[in-house]
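Let us walk through this structure step by step, moving from the overall layout of one chain to its core, to a pair of packed helices, and then to a few further details.

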Amino acid sequence: MSETGLDPVIHAQARLRVVATLAALSPGDRISFPRLQDLLDMTAGNLSTHLRKLEDAEYVTILKTHEGRKPASYVELTPLGRRAFESYTASLTALLRGTAP
Amino acid sequence: MTDDGTSRPSGAPAESPLDAAESLRIIAAQTAKVRSREPDSRLIFAAWGAAWLLGYLALYLTATGRVGQPQVTEGFSLPAGWAFAVFGLAIIAAMVFTVVHSTRANAGIKGVSASFGAMYGWTWCLGFVAMSVMLGGLARAGAGPEVMAVASNACSCLLVGVLYMAGGAFWQDRQQYAIGVWIILVATVAVFTGLPQTYLVMAVLGGGGFFVGMVLEHLRRRRDPSAGAGFAVAGRPVGA
């Protein structure tokens, strides 16, 4: 899809859903893995795979912590990820208008 | 990066390719889903509207002797003791509802919003504790039952109104800000109507204000279901 100029990391259904969900939170907020999974209706394994790819692109950070004795993970969109999502939505809008950059 | 459908030139894709309209639809759907799990201010306004209407009406009706007997102190008719209990329980119920509803809606989300929420919550709590102590000092200094009744209501409403305005300013929530302004206006009028009309003004105009806020918020959500979403600005086609 690179001929459209759309970011290939975001432009895949599952990762687009992940990034759109994280972008709907306020900047500086992070969400627990189970709650993110619930908002996405994805299996834990599937979500982990896509998060790893987003982490590799430095679009998300995953904070591993403990709540009591239970390990917990929190996911946050990085400023780079938020900018990538914003330029992605801007490109989509431009494509729909028929003025692809 | 060949196993995820992003750079595969051919072959069976794990996911069908996206077109721009489908992508925007996905973004809108996820944004709406996140919004739908946020605290619903319509429910919170309804809880406080009901609490004020019920609580202040109980104070008004017993202070005038329309229901039960007023307590006559220093020649002044105060609401019955049980009416103050009804008022207190109504306020506590609305408070518990607000805290439980917001905490549930925000479970699993940490960071800037959670830390603001916690500090804002403590501001309410400490504000009311400090105010109660100050009012106690006013009574000790010799304020009579009428002064105490008027001052307690005025101070509480000022605090509530200012905190609503501050919350509205921070979250850029005009409904919340407007309710704060309205509460302060109503409470100012209520100071000058004299007792027991103060309680009637608070019940009808104060409680009613929350219900109007609830209706306005409902209409706003129907007009713009993704309101507040960053994408709504970034992703809106120009001229659409």
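Two residues are taken to be in contact when their C-beta atoms, placed from the backbone, lie within 7 Å. By that criterion, and leaving aside residues up to four places away in sequence, B:Trp48 touches B:Ala94 and B:Phe210. The model in which these contacts are found is a predicted one, and the surroundings of B:Trp48 are a useful way into it.

Chain B contains eight helices and three strands, which follow one another along the sequence in the pattern α-α-β-β-α-β-α-α-α-α-α. Of its 240 residues, 27% count as buried, and among the contacts in chain B with a separation of 6 or more, 64% join residues that are 24 or more positions apart.

The largest nonpolar core has 35 residues, of which B:Trp48, B:Tyr56, B:Leu59, B:Tyr60 and B:Met202 touch the most other members. Two or more residues each are given to this core by α2 (41-63), α3 (81-105), α5 (145-171), α6 and α7 (197-223) of chain B, with the largest share, 13 residues, coming from α2(B). Apart from this core lies another, of 33 residues, which includes A:Val9, A:Leu51, A:Leu92 and B:Ile109.

How do α2(B) and α3(B) pack, and at what angle? Their axes are 8 Å apart and make an angle of about 175°; because angles over 145 degrees count as roughly antiparallel, α2(B) is roughly antiparallel to α3(B). The residues that meet here include B:Leu43, B:Trp48, B:Leu59 and B:Thr62 from α2(B), and B:Ala83, B:Ala94, B:Phe97 and B:His101 from α3(B). Sorted by class, the contact between the two helices has 16 nonpolar and four polar residues, and no charged residues.

A further residue to consider is B:Thr193, which lies in helix α6 (residues 174-193) of chain B. Is B:Thr193 buried or partly exposed? Since a residue is buried only with 20 or more other C-beta atoms within 10 Å, and exposed with 12 or fewer, the 14 C-beta neighbours of B:Thr193 make it partly exposed. Not counting residues up to four places away in sequence, B:Thr193 touches B:Thr198 and B:Val201, whereas the C-alpha atoms of B:Thr193 and B:Ala141, 52 residues apart along the chain, are separated by 25 Å.

Turning to chain A, an unreviewed UniProt entry annotates residues 15-95 as "domain: Winged helix DNA-binding". In the model this span is 58% helix and 25% strand, and its end C-alpha atoms lie 20 Å apart.

Note on methods. Residues are numbered from 1 along each chain as its sequence is written. Chains are lettered from A and ligands numbered from 1 in the order in which they are written. This is a predicted model: local features need pLDDT of at least 70, side-chain atom pairs count only at pLDDT 80 or more; totals for chains, interfaces and linings use all residues. Helices (H or I, at least four residues) and strands (E, at least two) are DSSP runs, numbered from the N terminus. A nonpolar core is a set of buried Ala, Val, Leu, Ile, Met, Phe, Trp, Tyr and Cys residues joined through C-beta atoms within 7 Å. UniProt positions are given in the numbering used here, feature names are shortened, and annotations may be inferred rather than shown by experiment. Axes are lines fitted to C-alpha atoms, for helices over the stretch in contact, and angles run from 0 to 180 degrees between N-to-C directions. Angles under 35 degrees count as roughly parallel, over 145 as roughly antiparallel, 65 to 115 as roughly perpendicular and the rest as oblique. Ala, Val, Leu, Ile, Met, Phe, Trp, Tyr, Cys and Pro count as nonpolar, Asp, Glu, Lys and Arg as charged, and the others, Gly among them, as polar.
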